[in-house]
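Trainee: Could you walk me through reading a model like this one, feature by feature? I would like to begin with a single residue and then work outwards.

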Amino acid sequence: MLVGYARTSTFEQEAGLAAQVRDLSRLGCEKIYKEQASALGIRTALEEAIEFCREGDTFVVTKLDRLARSVKHMWMVLDRLQTKMVAVRIENLGIDTGTPTGKLMLNILGGVAEFEREMMLERQREGIARAKAAGQYKGRKPTARARHVEIFALRAEGLSMNVIAARLGIGKGSVARAIRGL
């Protein structure tokens, strides 16, 4: 059975979701799971789709970025599906892990993506080191410390850290550190 998965990041992208569903139907997917969720958020439909798959099925996505948020996440999803003896097909790349060539291509692409990410992080670290040596790198501006007066005022009103964080648009951890005086 072909099991399709479609995802867009926001509710404003409904046309994109509809196009993915249409493409998956055209490809012959008998069951299609769809959701509108950030790649970083909870993806219930993805979990349901993986759970639904049985040995011999093929899990189909139109594009790799619809499936995984990172190379590490891609390997986690692929490992779960491979354990269930389910092939993965990524339509826009022409990759089908049900074939030896498809498995090889996915491994090569995954390796290249991981290499690019590591190189980018290395260049970033080098750039920061050069900026620090030149006295130009100051780090990120502390947002919560600059707003500690507002944080204390809202806390004095009896508001929780979650509410304060949401109201000020800063993280709960930042609120907690400001309250502790760090």
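Mentor: Happy to! Let us begin with Gly-98, which sits in the loop between strand 5 (95–96) and helix 5. Keep in mind as we go that this is a predicted model.

Trainee: Is Gly-98 buried or exposed?

Mentor: For that we look at relative accessibility, where exposed means over 50%. Gly-98 has 52%, so this glycine counts as exposed. You can also place Gly-98 against a residue from elsewhere in the chain: its C-alpha atom is separated by 18 Å from that of Leu-24, with their positions 74 residues apart along the chain.

Trainee: Leu-24 is a handy landmark. Which residue touches Leu-24 as well as Gln-20 and Asp-23?

Mentor: That is Thr-62, which also touches Glu-91 and Asn-92, leaving aside residues up to four places away in sequence. Thr-62 belongs to the loop between strand 3 and helix 3 (64–67).

Trainee: And how much of Thr-62 is accessible: is this residue buried or exposed?

Mentor: Buried means under 20% relative accessible area. Thr-62 has 10% relative accessibility, and therefore counts as buried. Across the protein chain, buried residues make up 34% of the 182 residues.

Trainee: Let me try backbone angles next. What is the general expectation for phi?

Mentor: Most residues other than glycine have a negative phi. Now look at Met-85, which is not a glycine but has a positive phi of about 65 degrees. Met-85 lies in the loop between helix 4 (71–83) and strand 4 (87–90). Its relative accessibility is 53%, so Met-85 counts as exposed.

Trainee: There is another methionine I was curious about, Met-105. Where does Met-105 lie?

Mentor: Met-105 is part of helix 5. Because its relative accessible area is 37%, Met-105 is partly exposed. For a sense of distance, compare Met-105 with Phe-115: they are ten residues apart in sequence, and their C-alpha atoms are 15 Å apart in space.

Trainee: What comes after helix 5 (100–133)?

Mentor: A loop leads from helix 5 to helix 6, and Gly-139 is found there. Gly-139 and Ile-128 are eleven residues apart in sequence, with 9.1 Å from C-alpha to C-alpha. As for accessibility, Gly-139 has 39%, so this residue counts as partly exposed.

Trainee: How should I read confidence around there?

Mentor: With pLDDT, which is the predictor's confidence in each residue. Among the elements of the protein chain, helix 6 (residues 143–146) has the lowest mean pLDDT, 71, while strand 3 (residues 58–61) has the highest, 96. For the protein chain as a whole the mean is 87, and 95% of the residues reach 70 or more.

Trainee: Which residues does Arg-167 touch?

Mentor: Leaving out residues up to four places away in sequence, Arg-167 touches Leu-154, Glu-157 and Leu-159. Arg-167 itself lies in helix 8 (residues 161–168). Between Arg-167 and Leu-154 there are 9.4 Å from C-alpha to C-alpha, and they are 13 residues apart in sequence. Even with these contacts, Arg-167 counts as exposed, because its relative accessibility is 53%.

Trainee: Now the wider view, please. How many helices and strands are there in the protein chain?

Mentor: There are nine helices and five strands. Their order along the sequence is β-α-β-α-β-α-α-β-β-α-α-α-α-α.

Trainee: What radius of gyration does the protein chain have?

Mentor: The radius of gyration is 22 Å, whereas a compact globule of 182 residues would have a value near 16 Å. The C-alpha trace spans about 60 × 45 × 30 Å along its principal axes. For contacts between residues at least 6 apart in sequence, 60% join residues at least 24 apart.

Trainee: And what does the surface look like?

Mentor: The protein chain exposes about 11,500 Å², with carbon and sulfur atoms supplying 56% of that area. As to charge, the protein chain carries 30 positive and 21 negative side chains, and the centres of these two sets lie 10 Å apart.

Terms used. Residues are numbered from 1 along each chain as its sequence is written. This is a predicted model: local features need pLDDT of at least 70, side-chain atom pairs count only at pLDDT 80 or more; totals for chains, interfaces and linings use all residues. Side-chain values use heavy atoms; hydrogens and water are left out. Helices (H or I, at least four residues) and strands (E, at least two) are DSSP runs, numbered from the N terminus. The radius of gyration is taken over C-alpha atoms; the globule rule is 2.2 Å times the number of residues to the power 0.38. Buried means under 20% relative accessible area, exposed over 50%, partly exposed in between (1.4 Å probe, protein chains only). Contact means heavy atoms within 4.5 Å. Accessible areas come from the Shrake-Rupley method with a 1.4 Å probe; for residues, only the protein chains shown count as cover. Lys and Arg count as positive and Asp and Glu as negative; His and the chain ends are not counted. The place of a charge is taken as NZ of Lys, CZ of Arg, CG of Asp or CD of Glu. pLDDT is the predictor's confidence in each residue, from 0 to 100.
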